[in-house]
Every structure is written in structure tokens, then in C-alpha cells.
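Okay, thanks for making time, everyone. Let me put the model up and then talk you through it.

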Amino acid sequence: MSELIEKRRSVREFQPGVTVTKEQINRLLEAAMKAPSACNSRPWEFIAVTKPEILDEIVRVHPYAKMCETASAAIIVVAVPQKEMPEGYFPQDCGAATQNILLEAVSMGLGTCWCGVYPREERIASFRRLFKIQEPKIPFNVIAVGTPAESPAQRGFFEESKVTYIM
Ligand SMILES: Cc1cc2nc3c(=O)[nH]c(=O)nc-3n(C[C@H](O)[C@H](O)[C@H](O)COP(=O)(O)O)c2cc1C
């Protein structure tokens, strides 16, 4: 697991023309759906896209998702907020599911980039229109998936100053 965490980077340039199969996508989604969620509420749904025209539409409506031009697929994580207990936890639950996708992708030799949609109102509105996502569901993010065509340098690092030790 440490190796997957170490290797995971946001990839923004993919090898064009390489397909990602439905089986590969389902493996990513299986990892997502095994993430923890508050009271096991599992407040998520997923839209898996490989159609090039729709990947291009994502580039058109999201200001920072240009990498979808070369991505083989995109996964839209859709939050399904709970009306009753445990309301309010969906960002954490959907974030955990997203991180599982990112790490599973590394284990499969795939690259990803997490592009935020929620809580930006204009992006939420665009994704609602594009994918016909009705309230109370909320488009949460879009994850570009493909075979990396770049190896970005490491950005994450340990900062002891950010830790309070009580031991
Ligand atoms: C909530 C969230 C939203 C993000 N949105 C975008 C985005 O819209 N476009 C993008 O290129 N990267 C986006 N990123 C990726 C971050 O820029 C990236 O994780 C950060 O710079 C650290 O680099 P690394 O992922 O390679 O470690 C997002 C990441 C997170 C967690």
C-alpha cells in the first residue's frame, strides 16, 4: 500500500487511443464501493464515460479538466446526500471512494486526475445538465482515467510541523 501511495500522482497527459475496458472500470468502481462511509450509508453513484464526444464535453464545461482530451475514460462520482442520519457526511464518504479509485488505478498501471466539481455551483450546474443529474443528487467530481504519458514529480511530503503529538 505504501508503494501505491508513493506512486500515485495526478496525471494530466495520457496516451491517446488506448482503451480502458468495462472490466477495468468495474474494478475501479468495486474499489470505490468498498470505501468506508458514515453508518455504511454508501451515499454515491457513478457515471462511467468512454465516449470521446462526451469526454470532449467534459473539457468544455470544466475549466480544469483539459486532461480529459487524452483520457481513455472519466468517472463522475455522484453524491446521493442522506436526508436522515447520518446527514452531512457525503463529502467525506465520496472523497474516500474517490481515493480508493485513485489507488486501485495505480495498482492497474493506470493514471488518474481528480477534478473537483462540488462545491462549485457553476460546475455542479454544468454537470447536472450534461449528465441529467437531478436533485437531490450532486455531481461531486470527475476522475480522468488513462494510461499515463507523463511521470510527474512527487508533490506530497511529510511535514512534522503539521502534527500535534499527544503521546
Ligand atoms: C478536491 C480536489 C480537486 C481537484 N481538482 C482538480 C482539477 O480540477 N484539475 C486538476 O488538474 N487537478 C485537480 N486536483 C488535483 C490536485 O491539483 C493535486 O492532487 C495536487 O496538486 C497534488 O498533486 P498530486 O495529486 O500529483 O500529488 C484536485 C484534487 C483534489 C483533492
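I'll go through the sheet, the core, the ligand shell and a few backbone oddities.

Quick housekeeping. This is a predicted model, so bear in mind that local features need pLDDT of at least 70, side-chain atom pairs count only at pLDDT 80 or more, and totals for chains, interfaces and linings use all residues. Residues are numbered from 1 along each chain as its sequence is written.

Right, the sheet. It's open, has four strands in the order β1-β2-β4-β3, and the pairing is antiparallel. By strand I mean a DSSP run of E, at least two residues, and a helix is a run of H or I, at least four residues, with both numbered from the N terminus. Two strands pair if DSSP finds at least two bridges between them. At the edges sit β1 (44–49) and β3 (111–116), each pairing on one side only. On average, neighbouring strands here are turned by 20 degrees against each other, direction ignored; the axes are lines fitted to C-alpha atoms, for helices over the stretch in contact, and angles run from 0 to 180 degrees between N-to-C directions.

Now look at β4. Seven bridges tie strand β2 (residues 73–79) to strand β4 (residues 138–146), in the antiparallel sense. If you want the register, A73 is opposite V145, and V78 is opposite P139. Then β3 is joined to β4 by six bridges, also antiparallel, with G111 partnering G146. And how many of the residues of β4 are buried? Nine of its nine. Buried means 20 or more other C-beta atoms within 10 Å of the residue's own, exposed means 12 or fewer, and partly exposed is in between, with C-beta atoms placed from the backbone.

Helix α5 (residues 121–131) packs on this sheet, touching β1, β2 and β4, and its direction makes about 75 degrees with that of β4. Contact here is two C-beta atoms, placed from the backbone, within 7 Å.

On to the core. The largest nonpolar one has 37 residues, and among those with the most contacts inside it are A74, V142 and V145. A core is a set of buried Ala, Val, Leu, Ile, Met, Phe, Trp, Tyr and Cys residues joined through C-beta atoms within 7 Å. The biggest giver is β2, with seven residues. V142 is worth a click: leaving aside neighbours within four places in sequence, V142 is in contact with I58, H62, A65, A74, I76, C115 and V117.

Next, the ligand. Around it you'll find R9, S10, R12, Y64, A65, C113, W114, C115, G116, P152, R155 and G156, where "near" means a C-beta atom, placed from the backbone, within 6 Å. That shell has six nonpolar, three polar and three charged residues. For the classes, Ala, Val, Leu, Ile, Met, Phe, Trp, Tyr, Cys and Pro count as nonpolar, Asp, Glu, Lys and Arg as charged, and the others, Gly among them, as polar.

Last bit, the backbone. Most residues other than glycine have a negative phi, and most peptide bonds are trans. Y118 and P119 are joined by a cis bond, omega about 10 degrees, and P119 is in the loop between β3 and α5. E135 and P136 are also joined by a cis bond, omega again about 10 degrees. P136 sits in the loop between α5 and β4, and so does K132, which has a positive phi of about 55 degrees. K132 counts as exposed because it has 8 C-beta neighbours inside 10 Å.

That's me done.
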